[in-house]
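User: Hey, I'm new to this one. Can you walk me through what holds it together?

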Amino acid sequence: MKSHFRHPVTPGSLFLSLEGIEASGKTTQIKEIEELVVKKGLRVLTLREPGGTAFGEKLREAILSSSAPLHPLAECHLFLASRAQLLKEMILPFLLTPGSVVILDRYIDSTLAYQGKARRLGYETVLTLHQHDPLNLLPHRTYFLDIDLHTSLQRQTVRGNTKDYFESQKGEFYQNLIDGYRELAGMYPERILHVDAQRSAGEITQVIKSDLEKFFP
Ligand code: TMP
């Protein structure tokens with residue numbers, strides 16, 4: 001990734017993100033990671049994007065309930081506004097204490113895949129918008145849970161919730177997202193672990209946990 005990016009440096013602290021399309025199983029795996037981190041005696045803070053602060057939750061509501069199609073750049077700036085506030089209020093202060101772990105449900109790769117690829121803003125535009133502090137902070141590790149379009153649509157039907165702004169998009173949008181995430185995993189193999197998430201939840205947890213062990217002292 002471009003050189004204006006940095007990782008958190010507090011000894012023994014870890015910044016993790018989980019990524020994937022709708023219904024890829026992020027929530028289940030986040031609970032497993034939380035359990036592991038607590039067992040290790042570390043502090044854990046789990047947050048979601050967009051949201052995680054009072055201001056961010058308002059932005060989340062504004063985006064996901066929008067009935068008007070937003071300009072991709074408008075979308076992108078709203079997600080970045082939520083992210084900057086989350087970094088300032090929650091992530092950066094929490095990571096200052098050694099032995100702290102932040103787990104994020106979506107982060108920069110969501111913006112790269114959704115706005116950069118599927119909304120066609122381009123990766124370069126999204127990366128450039130992240131060049132200033134605090135948006136230039138990268139996770140130590142990102143788990144990309146990869147499921148195919150068919151599985152995602154099937155799981156969304158089973159869940160049966162009302163569709164939000166992105167969930168009402170067509171199949172082509174989702175396929176672009178999947179392609180985008182796979183490209184990103186290829187571009188940043190040192191940060192992103194590409195996990196085949198068509199497998200059982202238990203198997204996926206094993207893959208993630210054994211990878212995570214490398215990051216603990
Ligand atoms: P979710 O938390 O239920 O996954 O909803 C968040 C939605 O927002 C999801 O469809 C992905 C989308 N999103 C973006 O398009 N860009 C972003 O930068 C982020 C964080 C989320």
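**Core and salt bridges**

Analyst: Sure. Keep in mind that this is a predicted model. The largest nonpolar core has 61 residues, and Ile33, Ile91 and Leu212 touch the most other members.

User: Which element gives the largest share of this core?

Analyst: That's H3, with 8 residues.

User: What is Ile33 in contact with, leaving aside its neighbours within four places in sequence?

Analyst: Ile33 is in contact with Leu16, Leu18, Ile103, Tyr143, Ile208 and Leu212.

User: Is there a general reason why nonpolar side chains end up like that?

Analyst: In soluble globular proteins, nonpolar side chains tend to be buried together.

User: OK, switching to charges. How many salt bridges are there?

Analyst: The count comes to 14 salt bridges. One of them joins the side chains of Arg106 and Glu22, at 3.8 Å from N to O.

User: Where do those two sit in the chain?

Analyst: Arg106 is in the loop between strand S3 (100–105) and helix H4 (108–118), while Glu22 is in the loop between strand S1 (14–19) and helix H1 (26–39). So the pair ties together parts that are 84 residues apart in sequence.

User: Arg106 and Glu22: buried or exposed?

Analyst: Arg106 counts as buried, because its relative accessibility is 11% and the cut-off for buried is under 20%. Glu22 is buried as well, with a relative accessible area of 13%.

User: Got another one? What does Glu32 pair with?

Analyst: Glu32 forms a salt bridge with Lys209, and their closest N and O atoms are 3.6 Å apart. Glu32 is in helix H1 and Lys209 in helix H8 (residues 201–212), so this pair links distant parts of the chain, 177 residues apart.

User: And how accessible are Glu32 and Lys209?

Analyst: Glu32 counts as partly exposed at 26% relative accessibility. Lys209 is also partly exposed, at 21%.

User: What about Glu49 and Arg83, how far apart are N and O there?

Analyst: The side chains of Glu49 and Arg83 meet in a salt bridge at 2.6 Å, N to O. Glu49 is in the loop between strand S2 (43–48) and helix H2 (54–64), and Arg83 is in helix H3 (residues 72–95), 34 residues apart. Glu49 is buried at 5% relative accessibility, and Arg83 is buried with a relative accessible area of 2%.

User: Last thing: which residues do salt bridges that share partners join into one network?

Analyst: Those are Arg141, Asp211 and Lys214.

Technical notes
Residues are numbered from 1 along each chain as its sequence is written. This is a predicted model: local features need pLDDT of at least 70, side-chain atom pairs count only at pLDDT 80 or more; totals for chains, interfaces and linings use all residues. Side-chain values use heavy atoms; hydrogens and water are left out. A salt bridge is a side-chain nitrogen of Lys or Arg within 4 Å of a carboxyl oxygen of Asp or Glu. Helices (H or I, at least four residues) and strands (E, at least two) are DSSP runs, numbered from the N terminus. Buried means under 20% relative accessible area, exposed over 50%, partly exposed in between (1.4 Å probe, protein chains only). A nonpolar core is a set of buried Ala, Val, Leu, Ile, Met, Phe, Trp, Tyr and Cys residues joined through side-chain atoms within 4.5 Å. Contact means heavy atoms within 4.5 Å.
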